[in-house]
Structure formats: C-alpha cells, structure tokens
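Please take a look at the structure shown here. The report that follows walks through it part by part.

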Amino acid sequence: MAQIPGLDVFRIQVTGRVIDESDPDYDAARSMWNGNIDRRPAVIVRCAGPADVAAAIAFGRQRGWVISVRGGAHGSWGAAVAEGGLMIDLSDLRGVSVDPGSRRAWCGGGATLADLDAATQRYGLAVPSGMVSHTGVGGLTLGGGFGWLTRQAGLTVDNLLSAEVVTADGRTLRASASSHPELFWALRGGGGNFGVVTGFEFRLHEVSPLVHLGLFFWGLEQGTQALRLGRQVITSLPRDAGCLLVAGLPAPPVPFVSTRHHGTPGHALAVAGFGSAHEHTRLITPIRRALSPLFEFLGPLPYTELQKLFDAAAPWGVHAYEKNLYLHQFPDEAITTLTEHLPGKNSPMSFVQIFGLGGAFAEVAEQETAFGGSRSTRFVLNVRALAPDAEQLTADRAWVRSLWQALLPHAHDSGGYINFMTDHDEDRIRITYGSEKYQRLAHIKAHYDPDNVFRTNANIKPAPQLTPAGGSPIAGTADGSPIAGTADGSPIAGTADGSPIAGTADGSPIIGTADGSPIIGTADGSPIIGTADGSPIIGTAGSSPIIGTAGSSPIAGTAGGARPGRP
C-alpha cells in the first residue's frame, strides 16, 4: 500500500485518531448500517472536536479528495463514506449534557438517539426524534426528524435552538436565530450541505419515563381492513399520542408473540400514548373492537424501550434500499395498490412504513425552516427493501421501485423525505424543497460552501455567482440588495430597464453615470440623472436642470411652479 504524503505530519496535528488501510480497525471504521455500502476511503479522521474537523477538511481539500461526514452512519445511501476520499468521523463526539431547569440539551454530532434519550430521560424530558435508537442525531436532525412525539412537539429541527458548525473554509460558527440566521435556517432541513455540525442544542419536552403502548398485528389476508383501520386511527389521533402503521412486516420473535407466529408476515399498528393509562385505554379500545388481531401487546413500557421497538426490524449491517412519497390522503386506491404489491417482495424483511403527520408538525409555517416537504402533508409512505445479502436486495430493489411508481399517482408530487432517499436524483431534490426554498438554500450554499465541498448528500448545488469582466465574483450588499457584479465601478445590486443597478439616487435605481451624475433611467432616449418638479432630469443647461427637449433645444426646469420654457 502506497504511503499517503503528509499523513504522518497530519497525525501529529490532530488530537483524534487517524485511520488508514494499514490500521486493524479500518474495516470496522468504514462500515455502515447499510451493509450494501462497501466503499474504501483513503483516510478516516476520528475527530476529537471542531479543530480536528477543520484540519481534516483542509487536509482533504489540499489533495482534492471527496470529503464525507459520519455521524451515526445510518443513512441508506451511504453518505458517510466516499470511495478514495476522506471521512470525517464524529463517532467520538457522543456526549450529551442536559439543563433540566431551562429544558435544553446539548449533544455532540456523533451521538445516537439512544445516547440522547438516555441522558434526557433521567429528568423526564425528551427531544422529538426518530423511531430506531441506533440512528445518528446529526443526520436525522439535518433532514427533519419525525417519530413518536411529532404530533405534540413537531420535527426534531423544529426544536433545534443552535448548532456548532465547521464550514468549508475551516471556521467554527455558532448558528442560531440571532447568529448566522440564514445558516441556521438552512441547517433545519437542508441536510449536510453547509458544513460539519459538531454539536446541537435542543429544546426539551416533558415526557414521562413510563409511556403506554398498544401494538396490534394482523395477517396478510386482513390487509385491506387493517390498513383502512390504521388510516382511521392516524387521522383521528389526539395530539398527545404517536402512531406507526407497517405493512408486510414479519412478526417479531419477542416474548409476547406466540412462537407459532414468529416470522409470520402481516400488518402492524403501534399506538403510543403519553397521557394517562385511562386515556390510552379509551384510545385503543375501538381498535380492538373494530378488527380482531392475530396478537396484541397492551401495557406500559419505558420511553427508552419504545424508542427501540423497531430496532430489530432494521438491524445493523442489513442490505437496504428505500423510496418514499408524501401524501395528503391515503385513499382506498392506494391501499389496494399496496396490498396487491406486497406478495411481490422477495425478502421477508422488506416492508412499507406509513407515518402519520399533523398536530404540531402542521402548525409551523412553510418557510420557517428549510424542511423539504409541505407542512400540509399527512402521510409519509416509505417502501423499504431490507435483505440479508446483496442478491436478495437486488430483487427487492426492483420491487421497491415498482411499488413506488404505482403509488406515485396518489402523491402530490414525486418529492419525498430526504432522510429516506437512497437515490439522490437532482430533479427530485428540487421538487422536494420547492423552487423558493431551493433557491434560498442554493444562495446560502454559495456563501458557506461555494466549491461544494460537502456534496455526498442530498446535494444543493451552490447558486452561480456573476463575474464582471476582468474581475472576480463579488459578495456583499448594496442598498440592502445582494451585489452580483459591478457597473461603472459600482456594485450591481440588480437590474432596471434591462440595465444593471449599481445603487440608488432620489429613491430610484442607479444604472450608470452621465456627466459625472448617476443615471436612474432614460427619457427621450437620454439618460435620466435625477428629477425636477416631478419631471426627469436628462442633463443641465447653465445652472438649470434639463427635463426634456423642444426642437433641438433643451427644456429647463421650473421655479415657483412656472411653465417650462427655453433657457
């Protein structure tokens, strides 16, 4: 194996561990949750803090390497690792500190949901997050983050108060509503496009350490009735409850399931209650009466265990592929399509998740965060292929794409939740964010990462910067407008009458100069350099402003309201 130039010096410069192919831990360090991802980075930097991250970015950029960031390594697309690149590994940054008085928590960029839940639940508090405990906080948060608490407390990004970010040029910034607010806006849903987030500050919510669960499981032959019932439950769910509907899931080998049902494919509905036991009983009793399940589990359990309920269905190292859609409704036709396609899956591990949104999620304004998707969305359907090996995944990848295509007519567009995207199609990413959000994100990207260093993600390409002749891209503002170039030596802040705006005069945009005066428009084919008596000035005669011409002579302005005449 060839020695990487400068690597020994770099090892001395950083506090954390530097791993290359010669290291016995190399294979473990490059492994992903998705076992189908098998990429070999040139160097892995297990960072001890922001300074290490900045040094790693500089080292990778100097060599022209693709730079990836590993938080929890749970994404199905394998964004955390790039072939032949440099991986910034945050897995040692897992600390969580909690201030129960202010109901705030700070966690490192490499923390998992299990780390965050364990620390906050000591005080009967929680951050709204996902539903699989070995998911990384970083990736989940930057893409949105929904789970059991979404109806009562919103997305994970809706509860983000600040973030510590290392940018492409090596700066460490604290982004919040009052500091770098545009960057803070972009981080709340724009993914890992804008820098390496080494720490997150969250708002906490009161969640009792003991919650209530009703889990119901029906056989495949009850598919239509089970999914319709699940839809009814989701749409009528109270604010202080959470729910997940899963189609095609194998029955888990857990104590409350009879051994004769272990591995039996069917449909599961899990309803979590965060109020009293009486309230939860009242919530789930109609479900039990409506359709007799194959088996059920009813009772209290720790919140931290609720967060692990579906861990076994998505084990580390499984081969994975997924595609998802946003739906305003979950009509009978979509249920029929789903039940007809389920027998076509090859792996018993593959299934379809149906998440219900609403409540606090829907109360956040569309443009308040960069979340990719409409706040009017009520259902997220995620078609997920999971298999023990690559061969079975190949078959179920085709099944996922076929079912997704069949469900597409029931979605409001082809966009979807970026955390559930394996294929990062540029057009689909644009559709997900919508034109207004995407353009805003692209301009923020151009400011903080103009060279698109952070691109192993649902990539937002930097907005193009105009380059004036003989000059370089100009960044800044003029009269409160963004500067896009220069005109007559002045910064261009836009266009007027098809000409570049270089500032304002008399409240009008300046588009050039004439006779040493700013041009703010044209009249009679001549440049306007101001106004007099409400008329445009196109020059001067003597000491009077010229406001037009008669024959070949200039018309001078007026004084005291007199009619204009020849000078």
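Tyr-326 and Phe-371 are both buried. This is a predicted model, and every value below was computed from it. The ring centres of Tyr-326 and Phe-371 lie 6.5 Å apart, with their planes at 50°. Planes under 30 degrees apart would count as stacked and planes over 60 as edge-to-face, so this pair is tilted. The two rings link distant parts of the chain, 45 residues apart. Tyr-326 belongs to strand S16, residues 319-327. Phe-371 sits in the loop between strand S17 (351-356) and strand S18 (379-387).

This pair has company. Ring pairs join Tyr-326 and Phe-371 into a cluster with Phe-146, Phe-355, Phe-361, Tyr-417 and Phe-420. The count for the model comes to 17 aromatic pairs.

Rings also take part in another kind of arrangement, with a charge over the face. The table lists two examples.

| Charged residue | Ring | Distance to ring centre |
|---|---|---|
| Arg-63 | Phe-59 | 3.6 Å |
| Lys-323 | Trp-404 | 3.8 Å |

**The whole chain**

Now step back. The protein chain has 567 residues, and 54% of them count as buried. Its secondary structure comes to 13 helices and 35 strands. Take the contacts with a separation of 6 or more: residues 24 or more positions apart account for 66% of them.

**Strand S4**

Strand S4 covers residues 86-89. In a regular strand, side chains alternate between the two faces of the sheet. Which residues of S4 are buried on each side? Leu-86 and Ile-88 are buried on one side, and Met-87 and Asp-89 on the other. Both faces of S4 are therefore covered.

S4 has parallel partners. Strand S2 (residues 43-46) runs parallel to S4, and four bridges join them. Strand S3 (residues 67-70) also pairs with S4 in the parallel sense, again over four bridges. Asp-89 appears in both pairings. Arg-46 stands opposite Asp-89, and Asp-89 is also the bridge partner of Arg-70.

**Strand S8 and its neighbours**

Strand S8 spans residues 160-166, and six of its seven residues are buried. S8 pairs with S10 in the antiparallel sense over six bridges. Strand S9 (residues 172-176) is another antiparallel partner of S8, with five bridges. Which residues are the bridge partners of Val-165? In S10, the partner is Val-197. In S9, the partner is Leu-173.

S8 and S9 form a hairpin, with five residues between the strands. Gly-170 lies in the turn and has a positive phi of about 90°.

Ser-162 is found in S8. Is Ser-162 buried or exposed? Its relative accessibility is 3%, so Ser-162 counts as buried. The cut-off for buried is under 20%. Leaving aside residues up to four places away in sequence, Ser-162 touches Trp-106, Arg-174, Ala-175, Ser-176, Phe-184, Gly-199, Phe-200 and Glu-201. The C-alpha atoms of Ser-162 and Arg-188 are 9.9 Å apart, and these residues are separated by 26 residues along the chain.

**Helix H4**

Why is helix H4 described as largely enclosed by the rest of the structure? H4 runs over residues 113-121, and seven of its nine residues are buried, so the rest of the structure largely encloses it. The buried ones are Leu-113, Asp-115, Leu-116, Asp-117, Ala-119, Thr-120 and Gln-121.

The cover over these buried residues includes both strands and helices. Among the strands are S5 (96-99), S6 (104-108), S7 (125-126) and S10 (196-203). Helices H5 (137-143) and H10 (303-306) also contribute. S10 thus has two roles here: part of the cover of H4 and antiparallel partner of S8.

**A pocket**

One more feature remains. The second largest pocket holds about 380 Å³ of space. It is lined by 19 residues, and the closest to its centre are Pro-250, Pro-252, Leu-309, Ala-312 and Ala-313. Strand S12 (210-219) and strand S13 (241-250) each supply at least two residues of the lining. S12 gives the most, with three residues.

Methods: Residues are numbered from 1 along each chain as its sequence is written. This is a predicted model: local features need pLDDT of at least 70, side-chain atom pairs count only at pLDDT 80 or more; totals for chains, interfaces and linings use all residues. Side-chain values use heavy atoms; hydrogens and water are left out. Buried means under 20% relative accessible area, exposed over 50%, partly exposed in between (1.4 Å probe, protein chains only). Contact means heavy atoms within 4.5 Å. Two strands pair if DSSP finds at least two bridges between them. Rings of Phe, Tyr and Trp (its six-membered ring) pair if their centres lie within 6.5 Å; planes under 30 degrees apart count as stacked, over 60 as edge-to-face and the rest as tilted. A charge sits over a ring if NZ of Lys or CZ of Arg is within 6 Å of the ring centre and within 35 degrees of the ring normal. On a 1 Å grid over the protein atoms alone, a cavity is a set of points where a 1.4 Å probe fits but cannot get out, and a pocket is an open set with protein on both sides within 12 Å along at least five of seven lines; lining residues have an atom within 4 Å of a point. Grid points are joined across faces, edges and corners, and a volume is the space filled by probe spheres set on the points.
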